[in-house]
Amino acid sequence: MDRLNDYIITDKKQISSLLVPFDSSLTILDFSLMKDSMSNTGYMVATSAGTYLLKLYSNTTDKIEAAAYSYLKDKINVPAMLFYDGSKKHFPFAYAVMEFLDGVTFIQYVRTNLKYPPELAYEIGEMCASVHTRTYAHDALLDEKLNISQELPRTREKILHLLSGKPAEYLKPDTIEKLCGFIKENPEVFDRIEAESVLCHGDFGYGNIMVSGGKVFFIDFEFAYSGSIYNDIGRFFRRKGADVQALIDSRIYDAFAQGYNSVSSAPLPPDWLRLARICDINAMLCLLTYDHVSGAWVEDMEHDILCAIRGGVQP
């Protein structure tokens with residue numbers, strides 16, 4: 001899938017001016033555009049005092065991310081947000097100066113090392129549960145203080161709404177019929193998924209988890225919101241490429257659950273992975289609201305949707 005927003009292209013002079021309010025003594029030695037994001041724009045900036053990440057926000061996700069980093073900095077490993085300016089008075093976009101993590105994304109770590117250590121799955125589960133300790137009255141968009149700003153429909157309602165829109169242009173009618181039937185016939189499943197609303201990362205994939213200096217960090221909270229715990233868990237365990245998926249077995253699922261349960265006041269139920277797969281259907285359908293989604297993506301999503309509603313744990 002293409003990027004959600006175009007890169008914000010700038011130059012050394014502009015970057016230097018953006019860094020002045022943070023530290024006017026800095027001299028820029030080098031900078032480079034980071035091309036592994038889908039929404040906002042990042043530059044790795046080497047300066048006379050070290051390397052920083054300059055993050056430029058294409059949309060209005062800056063306030064929620066700044067709030068999430070501030071809230072979580074003493075709870076889990078996140079990069080430090082060293083300076084933030086959302087005023088847009090001197091630059092047309094909100095921006096932040098972040099701690100630069102010299103490491104790799106979790107997907108790169110697994111692929112490079114050809115292994116998936118259960119102890120990392122445990123740590124990720126532990127940190128995920130720490131994020132989820134902040135609870136809400138219902139699913140919602142959040143404001144710059146991480147308080148509810150707009151209530152969202154329940155998971156089942158979001159899925160049904162999406163099936164009446166753009167995703168219906170991609171999915172087979174038989175898939176839509178089976179999914180709608182499953183929702184109608186299994187209200188108790190969705191009652192369990194929707195039982196509690198918590199602070200969710202919002203895009204909890206392997207690309208938003210980093211391994212740096214032997215530590216696990218969560219990054220990119222720009223889509224944080226209030227939702228079911230199974231939103232993040234389902235996104236994390238969404239089916240990966242064959243090389244990575246081959247490394248994910250019961251040891252990984254068990255380690256994640258043990259880490260999660262070591263923090264959460266409500267342990268995950270025995271069928272937590274099935275609930276997560278079902279909940280993730282909503283997020284997968286959201287990916288089908290764009291134009292020009294590849295046929296391969298649609299085929300993979302249909303496979304995963306059908307596996308989830310059939311009760312299969314491993315797609």
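Accessible areas come from the Shrake-Rupley method with a 1.4 Å probe, and for residues only the protein chains shown count as cover. The model is predicted: local features need pLDDT of at least 70 and side-chain atom pairs count only at pLDDT 80 or more, whereas totals for chains, interfaces and linings use all residues. Residues are numbered from 1 along each chain as its sequence is written, and side-chain values use heavy atoms, with hydrogens and water left out.

**Figure 1. Overall view of the protein.** The accessible surface comes to about 14,800 Å², and carbon and sulfur atoms contribute 52% of that area. Of the 315 residues, 48% are buried (under 20% relative accessible area, 1.4 Å probe, protein chains only; exposed is over 50%, partly exposed in between). The C-alpha trace spans about 65 × 40 × 40 Å along its principal axes. Twelve helices and 13 strands are present (DSSP runs numbered from the N terminus: helices are H or I with at least four residues, strands are E with at least two).

**Figure 2. The open five-stranded sheet.** The strand order is 1-2-3-5-4, with antiparallel pairing (two strands pair if DSSP finds at least two bridges between them). Strand 1 (28-34) and strand 4 (81-85) stand at the edges with a single partner strand each, so one side of each lacks a neighbour in the sheet. On average, neighbouring strands of this sheet are turned by 20 degrees against each other, direction ignored.

**Figure 3. Strands 3 and 5 with the packed helices.** Five bridges join strand 3 (residues 50-56) to strand 5 (residues 95-99) in the antiparallel sense, and leucine 54 has valine 97 in strand 5 as its bridge partner. Helix 1 (residues 12-19) packs on the sheet and touches strand 1, strand 2 (41-47), strand 3 and strand 5 (contact means heavy atoms within 4.5 Å). The direction of helix 1 makes about 105 degrees with that of strand 1 (axes are lines fitted to C-alpha atoms, for helices over the stretch in contact; angles run from 0 to 180 degrees between N-to-C directions). Helix 2 (residues 62-72) also packs on the sheet, touching strand 3, strand 4 and strand 5, and its direction makes about 150 degrees with that of strand 4.

**Figure 4. Pairing around strand 10.** Strand 7 (residues 135-136) and strand 10 (residues 197-200) run antiparallel and are joined by two bridges; tyrosine 136 stands opposite serine 197. Strand 10 also pairs with strand 13 (residues 225-227) over three bridges in the antiparallel sense, where serine 226 is the bridge partner of leucine 199.
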